[in-house]
Amino acid sequence: MIQTSGVIICLGYIFGLLFTAVPWGGVWILVLGIVGAILFRRRTSSQQLAQKAEKVGSKNKTVPNTWQTNPHPRIWLAAGLVGLLATLYFQWRVPQPGAKDISQFVPPGNSSNQEQLVIVRGEVASNPRLTRSQRGQFWLEATQIDEVKNEKGSAGVPKGVTGKLYVTVPILQATGLYPSQQIAVTGILYKPKAASNPGGFDFQKFLKQEGTFAGLIGRQINVLDQERKWGWWQIRERIVRSQVRWLGIPEGPLVSAMVLGSKAVDLPYDIRDLFVQAGLAHALAASGFQTSLILSVILQLTKRAKKATQFTLGFLALIIFLSLTGFQPAVLRAVIMGFAALVGLLLKRKVKQFGSLLLAATLLLVFNPLWIWDLGFQLSFLATLGLIVTVPALVDRLAWLPPAIASLIAVPLAATLWTLPVQLSVFGVVPSYSLLLNVVSTPLISIISIGGIISALVGLIWTQAGSFIASVLHYPTDWLIKLVEFFSKLPGNSVAVGSISTWQLLTIYLLIILVWLVPWWQRRWWVANVIAIGLVFIPLWHSTNTLFRITVLESGTEPIVVVQDRGTVTVINSGDEGTGRFTILPFLQQQGINQINWAIATDFQGNESNAWLELLQRLPIKSFYEYSPNPENSIATQAIQQELQKHQGFYQPMAVGQAVKTGSIVAQLINAQLPILQLQILDQNWLLVGNVKSKEVQQLVKNGSLPRPQVLWCSPQSLKDLVIALQPQVAIASSVNFDPKVLSELNQSQTKLFFTGRDGAIQWTPDGQFEAFIEAAENKSSIL
């Protein structure tokens with residue numbers, strides 16, 4: 001009775017936090033609690049009457065009080081009230097910048113381009129890490145800010161501030177920094193931007209989850225305090241150095257990441273991306289697996305000792321492990337469950353794993369309710385839930401296999417079943433060989449984890465001995481990396497199915513829960529699988545074959561256009577390597593696009609685009625058209641042709657005046673010296689104009705070289721002249737940093753203006769109007 005009641009109240013709290021994504025979520029969870037109380041009140045009354053009638057009919061027959069196992073109606077009402085309070089508690093805990101928060105001192109304009117230098121003093125809050133752009137990054141607890149008044153660097157009156165900063169500096173400036181160190185950073189303050197493109201990274205949301213509202217692009221660091229204060233970071237650093245010393249890179253950081261978690265170790269991005277794309281990201285996250293190993297070793301070594309001794313040593317080991325990993329949510333969840341197991345051992349009682357998992361999740365969410373939307377927390381909780389409730393059933397169905405093999409298959413399969421819907425919702429990609437790779441790699445991961453833990457413990461006492469033990473792991477670690485590389489290079493190693501909607505996500509989890517709890521569905525589990533697969537692929541198939549949409553991505557100074565034409569995809573221009581990786585690929589994955597039918601490269605900025613190689617390594621391109629002044633001398637062009645040959649793609653140089661038909665679109669480069677690309681899309685004429693000067697615009701218009709378009713894309717410098725000369729219905733520019741007088745003049749024209757720097761990606765469909773991504777996202781969030 002108490003146990004069931006506790007489960008319902010914990011679920012009420014968790015669902016209350018989840019309902020914060022729904023309008024009036026707290027009220028809805030309270031209504032559900034009231035409905036549950038009414039329904040179970042009637043059910044309890046009918047069961048009482050049936051029990052009395054049975055007793056009258058047979059006085060000698062003992063009737064079990066089964067109705068008493070049902071929760072009392074007031075428990076459901078209490079759960080509804082707890083859910084309501086959870087929504088209020090969540091809103092109360094949402095971070096908000098204070099009056100003296102460092103973000104309040106960001107210059108107007110909300111841009112990192114503001115050349116207003118400041119000096120921020122504070123305390124380093126994390127070890128420096130290397131970013132993808134090869135800069136050092138760390139967190140800084142700000143205490144003071146000075147504004148630099150002139151070029152000589154003299155500062156104004158210092159002001160006291162609070163808050164945490166996301167700081168990036170040249171890598172050499174960050175070398176040697178450590179937590180608790182007092183420093184002064186000279187740089188430019190900025191406020192983070194929200195996602196500008198569908199599927200893009202929301203930097204603003206990421207920082208807000210960390211309680212941070214501003215960033216600092218640092219140029220120089222002055223160390224104010226050379227005294228090294230003790231901290232757990234020193235122990236982590238000693239372990240990492242011990243394991244890297246003889247293992248080298250990347251094997252050493254990989255072993256350390258599998259012991260301490262990737263958040264506590266500066267793991268190279270190529271290895272991190274390799275494991276994530278292959279579906280082995282969990283191997284880099286210190287969590288339940290490492291916790292179980294630690295407890296197993298402690299209990300095995302102390303099996304002849306008293307229960308109190310085992311409890312004490314196990315408790316201390318978990319606390320030390322938690323401190324070393326940096327109090328990550330997944331580790332906290334695993335450690336709390338480990339504590340529950342130790343308490344059960346001390347009291348000589350069997351601990352119910354589901355109850356301990358639910359208790360661990362509730363305690364963590366009471367400590368920080370914002371973790372309910374942390375992806376790592378969600379995946380860790382769901383994977384553990386799958387191991388608890390689904391592995392036994394899978395092992396029973398695999399009873400025809402040896403127990404070890406059955407368990408080896410059941411564990412990754414259960415974790416995948418429970419986490420895949422969330423992964424589809426966030427990333428829209430399925431690692432095709434993830435399940436097989438998990439089965440094959442589990443022995444290697446176990447060996448490396450156990451050896452890494454032993455190496456870490458020994459390395460704390462004697463560094464060279466720890467390095468020697470770590471060196472024994474060279475071959476298993478090298479084999480694991482090569483195994484992951486092999487699977488990542490297989491054809492179709494990942495399939496984009498598109499980001500599923502909230503209703504699809506909830507329906508799939510409802511089916512999983514029904515198979516878990518309802519016997520009728522347990523016997524028909526395959527029906528649930530068919531329905532779940534249909535829920536993902538039928539909407540994707542319908543959208544792919546009926547959707548016609550043009551998306552102008554926010555990508556800086558080059559026009560990048562993606563045309564989805566009823567199953568065929570055309571990409572025009574690609575930008576630099578970072579644009580391909582963080583803008584184009586996430587968008588294509590979110591849309592469930594697995595190949596590009598036509599690609600057109602026009603070299604708008606006069607520089608060879610590097611992103612095409614990035615795209616070709618992830619997606620096949622069927623036909624590639626490129627305009628380049630000297631294609632035979634272009635190294636990038638040669639590399640693109642080599643990649644195209646691997647996928648049997650077609651390469652064709654593009655000449656001025658040549659019409660290229662891609663589905664419903666006809667593209668034509670009408671000027672080479674001044675890059676101008678004309679697109680005939682259905683009954684609309686689009687014009688993409690590169691950098692042209694005012695005199696050149698007038699000359700082109702006078703010569704009749706520029707046809708009047710319905711839609712114009714151009715650089716900010718030529719926007720005014722082109723709008724006045726061509727008078728398009730819609731004009732799209734890449735920036736919003738305009739003179740207010742120019743904007744006022746342009747707004748008086750009949751042309752509708754969009755600025756990707758302000759509005760984000762711009763999308764158009766034949767049945768609708770042009771839509772700005774940021775405005776649509778804000779409208780959606782305001783509704784929720």
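Good morning. In this protein, residues 24 or more positions apart account for 67% of the contacts with a separation of 6 or more. Please bear in mind throughout that the structure shown here is a predicted model.

Let me continue with the overall composition. The protein contains 29 helices and 24 strands. Of its 784 residues, 47% count as buried. Its accessible surface comes to about 39,600 Å², and carbon and sulfur atoms hold 60% of that area.

I turn now to the interior. How many cavities of 30 Å³ or more does a search of the whole structure find? The search finds one, and the volume of this largest cavity is about 40 Å³. Which elements each supply at least two residues of its lining? They are α8, spanning 269-278, α16, spanning 434-461, and α18, spanning 474-488. The lining residues themselves are Gln 277, Ala 278, Pro 431, Tyr 433, Ser 434, Leu 437, Phe 487, Ser 488 and Asn 493. Sorted by class, the lining comprises five nonpolar and four polar residues, with no charged residue. On the screen, you may wish to begin at Gln 277 and Ala 278, which are among the lining residues, and then proceed to Phe 487 and Ser 488, which also line the cavity.

Next, the backbone. Where does the cis peptide bond lie? This bond joins Ile 249 to Pro 250, with an omega of about 15°. Pro 250 is placed in the loop that runs between α6 (232-247) and α7 (251-260).

Two further residues deserve a mention for their backbone angles. Asn 573 is not a glycine, yet its phi is positive, at about 70°. This residue is found in the loop between β12 (568-572) and α22 (577-590). Is Asn 573 buried or exposed? Its relative accessible area is 1%, and a residue counts as buried under 20%, so Asn 573 is buried.

The second such residue is Leu 682, likewise not a glycine, with a positive phi of about 55°. Leu 682 lies in the loop between two strands, β18 (676-681) and β19 (684-689). Its relative accessibility is 40%. Because the partly exposed class lies between the 20% and 50% limits, Leu 682 counts as partly exposed.

To close, I would leave you with two places to inspect in the model: the cavity lined by residues of α8, α16 and α18, and the loop that holds Pro 250. Thank you for your attention.

Terms used: Residues are numbered from 1 along each chain as its sequence is written. This is a predicted model: local features need pLDDT of at least 70, side-chain atom pairs count only at pLDDT 80 or more; totals for chains, interfaces and linings use all residues. Side-chain values use heavy atoms; hydrogens and water are left out. On a 1 Å grid over the protein atoms alone, a cavity is a set of points where a 1.4 Å probe fits but cannot get out, and a pocket is an open set with protein on both sides within 12 Å along at least five of seven lines; lining residues have an atom within 4 Å of a point. Grid points are joined across faces, edges and corners, and a volume is the space filled by probe spheres set on the points. Helices (H or I, at least four residues) and strands (E, at least two) are DSSP runs, numbered from the N terminus. Ala, Val, Leu, Ile, Met, Phe, Trp, Tyr, Cys and Pro count as nonpolar, Asp, Glu, Lys and Arg as charged, and the others, Gly among them, as polar. Buried means under 20% relative accessible area, exposed over 50%, partly exposed in between (1.4 Å probe, protein chains only). Contact means heavy atoms within 4.5 Å. Accessible areas come from the Shrake-Rupley method with a 1.4 Å probe; for residues, only the protein chains shown count as cover.
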